[in-house]
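This report covers two topics: the surroundings of the bound ligand, and the burial and pairing of selected secondary-structure elements.

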Amino acid sequence: MTSDDAAVPDVSGTPGKAGWLGFDTSVAHQARSYDYMLGGKDNFAADRAAAEASLKVWPDAVFTARANRAFLGRAVGYLAGEAGIRQFLDIGTGIPTAGNTHQVAQAIAPETRVVYVDNDPIVLSHARALLVSHEAGATDYIDADLRDTGTILTQARRLLDFTKPVAVTMLAILHAIPDADDPHAIVAALMDAAPPGSHLAISHVASDLLDRETVDGLKGITDRMSRPFTYRTREQVARFFAGTDLVEPGLVRVEEWRPDPGTTAVGKSALWCAVGRKREGHRDDQ
Ligand SMILES: C[S@@+](CC[C@H](N)C(=O)[O-])C[C@H]1O[C@@H](n2cnc3c(N)ncnc32)[C@H](O)[C@@H]1O
């Protein structure tokens, strides 16, 4: 991959022919716009244009992307450290960048096993970078849609033991699942497969941390992306955590979740996040 669009083959070319990327680079995609906001190089003109347009409507967009990535580091650090989790199912992996889940977790517990899931062809093309594991642990990559929970769970079992606690992380992905596809049922299906003591970490674009005009402006941009965004309220995000106890500080903005001592947020994100620990008993009993 290159950010040099001159080197990008004609996307109207022929599938199967040399140079065919298998996707339309003229439509902005979430993984690549996010990569641009994080300062990465795996993005095309349409991705950068969408990111720049978002920044005009919402100047804290770059802060939010970076605060989300920092939340990933702190949440995975907490899960591998204090919570003692040794198995991760990271769905909506994103293009590899600094501090991928296995690197953060294995720096704390080298024997940690991590299964990554994404359905973006560019993320797949970088999967090798995610498969370089500490020799004491292991990583795997599944090319699947979050909605296909059966495939994800079947393939995750190649590496993960679902009789032992698993951390399911879904950071900045659930907004890509519209209400019509019942994202709450998807999360429930995944957590139902994991035993008590497993954890769920989510970050999600918030409709109620932005004013109406900003949401409308952003929707005008994200509705034209490959997958439109669904912005959700704090209450809607809280419902993903049914059957879990939220660890401190509960459901907050990403930059407010256990910030590193001595750091001060330089913006305000519009992402709710939390980490929950699955209770004993069936989640419907909660
Ligand atoms: C904004 S990135 C987040 C990356 C990483 N989780 C983080 O927080 O830094 C969202 C990722 O979710 C993936 N994604 C979106 N919808 C998906 C779906 N239905 N199934 C699998 N992956 C999906 C995108 O391809 C993208 O890589």
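A polar contact here is a pair of N or O atoms within 3.5 Å. The model is predicted. Asparagine 119 meets that cut-off, as a polar atom of its side chain lies 3.3 Å from a nitrogen atom of the ligand. Taken alone, the ligand exposes 600 Å², and the protein buries 99% of that area.

Two further side chains place an N or O atom 2.8 Å from an oxygen atom of the ligand: that of asparagine 68 and that of arginine 69. The table lists these contacts.

| Residue | Ligand atom | Distance |
|---|---|---|
| Asparagine 68 (side-chain N or O) | oxygen | 2.8 Å |
| Arginine 69 (side-chain N or O) | oxygen | 2.8 Å |
| Asparagine 119 (polar side-chain atom) | nitrogen | 3.3 Å |

The ligand is surrounded by 23 residues, and the closest are Tyr34, Asn68, Arg69, Gly92 and Asp118. Sorted by class, this shell holds ten nonpolar, seven polar and six charged residues. Helices α1 (30-37) and α3 (61-80) each contribute at least two residues to the shell. The biggest share comes from α1, which gives three residues.

**Strand β8**

Strand β8 covers residues 271-278; seven of its eight residues are buried, so the strand is largely enclosed by the rest of the structure. Which strands pair with β8 in the antiparallel sense? One of them is β5 (residues 199-205), joined to β8 by seven bridges and running antiparallel to it. Within this pairing, isoleucine 202 has alanine 274 of β8 as its bridge partner. Strand β6 (residues 244-246) also pairs with β8 in the antiparallel sense, over three bridges. Here aspartate 245 is bridged to arginine 277 of β8. Strand β7 (residues 252-253) pairs with β8 in the antiparallel sense as well, over two bridges. Opposite arginine 253 stands tryptophan 272 in β8.

**Helix α9**

In helix α9 (residues 212-222), the residues Thr214, Val215, Leu218, Ile221 and Thr222 are buried. Seen down the axis of α9, the buried residues fall within an arc of 120 degrees, so they line one face of the helix. Which residues are exposed on the face of α9 turned away from its buried side? That face carries Arg212 and Glu213.

Methods: Residues numbered from 1 in each chain as written. Predicted model: local features only at pLDDT ≥ 70, side-chain atom pairs only at ≥ 80, totals over all residues. Heavy atoms only, no water. Near = heavy atom within 4 Å. Polar contact = N/O pair within 3.5 Å; in protein donor to acceptor, adjacent residues only side chain to side chain. Areas by Shrake-Rupley, 256 points an atom, 1.4 Å probe, with all protein chains shown as cover. Helix = DSSP H or I, 4+ residues; strand = E, 2+ residues; numbered from the N terminus. Nonpolar A, V, L, I, M, F, W, Y, C, P; charged D, E, K, R; others polar. Buried < 20%, exposed > 50% of the residue type's maximum accessible area, 1.4 Å probe, protein only. Pairing = 2+ DSSP bridges. Arc of directions from axis to C-beta.
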